[in-house]
Every structure is written in structure tokens, then in C-alpha cells.
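Here is a set of exercises to work through with the structure open beside you. Try each task before you read its solution.

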Amino acid sequence: MGVNEIAAAGIARQREALDGAAVSATELVAATLERIEAAADLGAFTRVLREAALAEAAERDKERAAGAELGPLHGIPIAIKDEIDVAGVVTSFGTRANRTPARADAEVVRRLRAAGAVIVGKTAMPEFGQWPFTESSTYGVTRNPWNREFSTGGSSGGSAAAVAAGLVPAALGGDGGGSIRIPAACCGLFGLKPQRGRVPVAPNEHLWWALGVTGPLTRSVSDSALVYDVIRGGAPQDRFQAAEPIMSFTAAARRDPGVLRIGYTTKAPAALTKPHPEHVRAVRETAELLTRLGHSVFEMDPPFPDATAAFLPQFFGGVRAEAAAVEDPALLERRTRETVRLGAWARRPVIEWAIRHGEALARKAEALFRDYDLLLTPTITGRPPRLGVLDGGGTARAMLAALPMIAYTSFWNVTGHPAAALPAGLGADGLPLSVQLIAPANGETTILPVAAQLEQARPHPTL
């Protein structure tokens, strides 16, 4: 396998090549940067850190030559969504309204570097991650590697495009309403939204209040588990803290899940949404596969409570807080300025009420797991849309366009439960299909072995 093939591989294959001296970190990162440059038309990256990444890779090679203790990501190139601080680089949030580089790495980036990762660039997102479509007036559109005329979804669409195209084996994203799971669904990736408080958001106290979390997009379950084991664990300033898991995520992904009770439904928590027939088929076929794998699988009709009153104040409040922190608000997109005006009512007392309401909804949602160990649903309602969803539209139009994308995902941001999107083959349009697994509170270690079991029985499609 040549260096270009190694650069297109996942973390496990890259680690094997590095450990076996088939490639150096410098050679791997150089090949990665060449692949990124060759795929510039995807619009996956907002900033490529060529010189810094090559220098960092050279240091990794020196550490290996000196016999230093090597971390689990030693020499592995990883990309970072452009809402997460990387020292010396402007954190754009998908806007041109910031210009001062971050003074220090965010805690998750610090942990990645401590594990040996090489940061190769920042990935595209819609302004402040508001929409499940990666389109902005500053950076243009991000194209789906499966078909460049279609959307990657969002808001972590740049990270998804970079991983799906084999430019990097993993990229960090954020999920405040589905922003890891939706692009994972559109691009044929595995994307786990962790339990609220599982991954630090420092230097921030929270990410969109109780809605947002950080995590990786990868092509395999095992790669995701490995990255999570590097970055998980709360920081002192985090407002929300998750309970310590019963085992490492890597161990969970490798273990036999046993026989689980799994309930499936194509009913969406959001009203007035109807899933595409191919997504219904993907859920039913996955339910049949789970049955053949030995699980007890039942169709269910869950009484999902309405989460709108908890979601909207945190959404508007999150956008308003981020908009207020930029250096030149006049450079924000017109639609974002409209969102800020429309959300003037979402002030701190309303947001705190919404968080408490979300915690009450979480208790109701937890009751669904009295009878089931996992829930299975579609990830998104419709097929990945063509590019230009946000063209010329204001906030109201964007929200209407977003609803079918977040119908199955945003409820679990309100409740904080872990949920994962995993590939389920390809649709008639040649684009990926996806299903979602949801676990009880702190149940990532229940999702991971089942996701790995499904991946082995039905390998994920790759380009």
C-alpha cells in the first residue's frame, strides 16, 4: 500500500502503517495535505495549516525516533470544525466577522495533540452552525463527495466531507440539533452524539447552553471510539458533566453486546414530518438484521413529547451569544442578523427555564428505556438535498428547510441522550442511507457494540 492509499485510510490502518515504519508521520501528513489540495472543490476546509502541520509531523517523527512514549493518535492527521479553537488560527464560526487568532487550543484540541494527533486544518460550517446545510456567504458551499451537486448536511458538513472523501481519517464536529449525525447521514459516516457533558467544551462553559456537544466523524465505529477515549472527560469549567462510563469506548466497541431489547419506529418526535420511503425501508431492514443477529426487536409507537419550547430559546440564545462575541457584527450574514433580531426574547431567564424544561423532558424520555435497551429510528426525514438550500432565504425559510433534517435528531439534544447515525447502504440516488440508534442516559457503551456488530454484518459503503 502506497503513501497515498495510507493517507486515504482510517485511523487503524494509518496507525499500523506508522508503527510498522511503512510511512513516517511527515510523509503521511504531506500526502494528506496533497489530497486536501487536490479536493479543494469540495469546500471542506476553511483553512489548511500546511506549514504548522508539517512541523508538527516532523516533531512526531523525532519523538518516535527518540523512543518516546507514543499516544494512540501519534502522527495521525485530524481536522477541526471551525467553531473549536486552534492556537494561532482565527475561530471563524463560519463567518468573516472574526479576525484575531485564538490564543490557545480548546481543551479537546489540546487532548488530541497530547495523544499525538497532527492538526491539519479547520473545516467549514454554516454561520454559527445554525443550519443543517453547510453553506455560507463567506466560504461558499461544501459539496457531498458522493455527488458534488448535493449537500453534506450540516452543520459539521466540512468535517463530514473531509472524512468521507478520505482526506483525513477523523474530524471533530459539534452537534446542537443533529450537526454530527445529519452530515454523517448525508455522507455515509458513523457519527455519535455523546451524552451531554461527556466531552469538554472549554474554554466555553457550554455550547448553545444544554444543546451542544463535541465529537468526531469517522468512517468506522472503532475509529470513533478511539477518538472519544482521547477527548472524553469533563473539564472544571464545564457547566454540564456526564457520569463516568462503565468501560472505555474502545472496549465497548469490541465487546459482544449480548441480547438486547431494541424498539424501532419511523415516527418522528417533530410533528408534521413524514420520512422518505427509503428511510423507512432502511429502518425496517436494520430491524430485521438486528433480529438475525439475535436481538429482541419490536416495533413501537413512542409518545414523544413536544420539545419545541425547550429547543427554540436555546437555539436563539446560542446564536445571539455567539453573534455578540464576534469582533465585527456588521460583517455577519443578513440572515444571521435577522435571527439575532427575531431571538431578542431569548434572554437568560427564558433560556434557564428552557433548560429546566428540557431536563423534565429528559426524565420523560428516559421512561422509554424501561422496556428497551436501544431505540432505532431514521436519522433524517428526506434525502440529502441539492446545493443552494439557503440561497436568498431569510431565517423563517431556513428554519422550514431545516425541519425535515432535524426532525429525528434535535429531540435528543434537548434531553441530552447519546445517539448515533450509522450507515445503512445506499439509496436509489446513489447517496448514503442512515439510521439512528439512541441509548438511555450515559449509554454510549450500549450503542457502540451494536453499531460495530451492524458494521461487521453490513459494511459501511465507501467511495
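**Exercise 1. Is Lys 122 buried or exposed, and which residue meets its side chain in a salt bridge?**

Solution. This is a predicted model, so treat every value here as computed from it.

Step 1. Look up the cover of the lysine: Lys 122 has 0% relative accessibility, and because the limit for buried is under 20%, Lys 122 counts as buried.

Step 2. Find the partner. The side chain of Lys 122 forms a salt bridge with that of Asp 82, at 2.9 Å from N to O. Place the two on the chain: Lys 122 belongs to strand β3 (residues 118–123), while Asp 82 sits in the loop between β2 (77–81) and α5 (107–114). They are 40 residues apart, and the pair links distant parts of the chain.

Step 3. Check the partner's cover too: Asp 82 has a relative accessible area of 3%, so Asp 82 is buried as well.

**Exercise 2. Where do Arg 110 and Glu 107 lie, and how many residues apart are they?**

Solution.

Step 1. Both residues are in helix α5, three residues apart, which is about one turn of the helix.

Step 2. Inspect the side chains. Arg 110 and Glu 107 form a salt bridge, and their closest N and O atoms are 2.8 Å apart.

Step 3. Compare the cover at the two ends. Arg 110 is partly exposed, at 44% relative accessible area, whereas Glu 107, at 17%, is buried.

**Exercise 3. Which parts of the chain does the salt bridge between Arg 232 and Glu 244 link?**

Solution.

Step 1. Start with the distance: the side chains of Arg 232 and Glu 244 meet at 3.4 Å, N to O. Both partners are in the loop between α8 (221–231) and α9 (249–254), twelve residues apart, and the pair is one that links distant parts of the chain.

Step 2. Sort the ends by cover. Arg 232 is buried, with a relative accessible area of 18%, but Glu 244 counts as exposed at 62% relative accessibility.

Step 3. Widen the view to shared partners. Glu 56, Arg 60, Glu 63, Asp 105 and Arg 113 are joined into one network by salt bridges. In total, the structure holds 25 salt bridges.

**Exercise 4. Where does Arg 60 lie, and what does it touch?**

Solution.

Step 1. Arg 60, a member of the network just described, is found in helix α4 (residues 50–65).

Step 2. Its relative accessible area is 8%, so Arg 60 is buried.

Step 3. List the contacts beyond four places in sequence. Among them are Ala 25, His 74, Gly 75 and Arg 113; Gly 116, Ala 117 and Val 118 are also in contact with Arg 60.

**Exercise 5. How many residues of helix α6 are buried?**

Solution.

Step 1. Go through residues 157–164 one by one: eight of the eight are buried.

Step 2. Read off their names. The buried residues of α6 include Gly 157, Gly 158, Ser 159 and Val 163, and Ala 160, Ala 161, Ala 162 and Ala 164 belong to the list too.

Step 3. Look past the end of the helix. Gly 166 follows α6 and has a positive phi, near 75°.

**Exercise 6. Which residues do Phe 316 and His 460 touch?**

Solution.

Step 1. Begin with Phe 316, in helix α11 (residues 308–325). Phe 316 is buried, with 6% relative accessible area. Beyond four places in sequence, Phe 316 touches Thr 339, Leu 342, Gly 343, Trp 345, Ala 346 and Met 399.

Step 2. Turn to His 460, in the segment after α16 (444–457). At 12% relative accessibility, His 460 counts as buried. With the same four-place exclusion, its contacts are Phe 190, Arg 219, Ser 220, Val 221, Pro 423 and Glu 455.

Step 3. Take one of these contacts further: Pro 423 is 37 residues from His 460 along the chain, yet their C-alpha atoms are separated by 5.8 Å.

**Exercise 7. What radius of gyration does the chain have, and what would a compact globule have?**

Solution.

Step 1. For 463 residues, a compact globule would be near 23 Å; the chain has 20 Å, which agrees.

Step 2. Add the cover: 62% of the 463 residues count as buried.

Step 3. Finish with the contacts. Of those with a separation of 6 or more, 78% come from residues 24 or more positions apart.

Technical notes
Residues are numbered from 1 along each chain as its sequence is written. This is a predicted model: local features need pLDDT of at least 70, side-chain atom pairs count only at pLDDT 80 or more; totals for chains, interfaces and linings use all residues. Side-chain values use heavy atoms; hydrogens and water are left out. The radius of gyration is taken over C-alpha atoms; the globule rule is 2.2 Å times the number of residues to the power 0.38. Buried means under 20% relative accessible area, exposed over 50%, partly exposed in between (1.4 Å probe, protein chains only). Contact means heavy atoms within 4.5 Å. A salt bridge is a side-chain nitrogen of Lys or Arg within 4 Å of a carboxyl oxygen of Asp or Glu. Helices (H or I, at least four residues) and strands (E, at least two) are DSSP runs, numbered from the N terminus.
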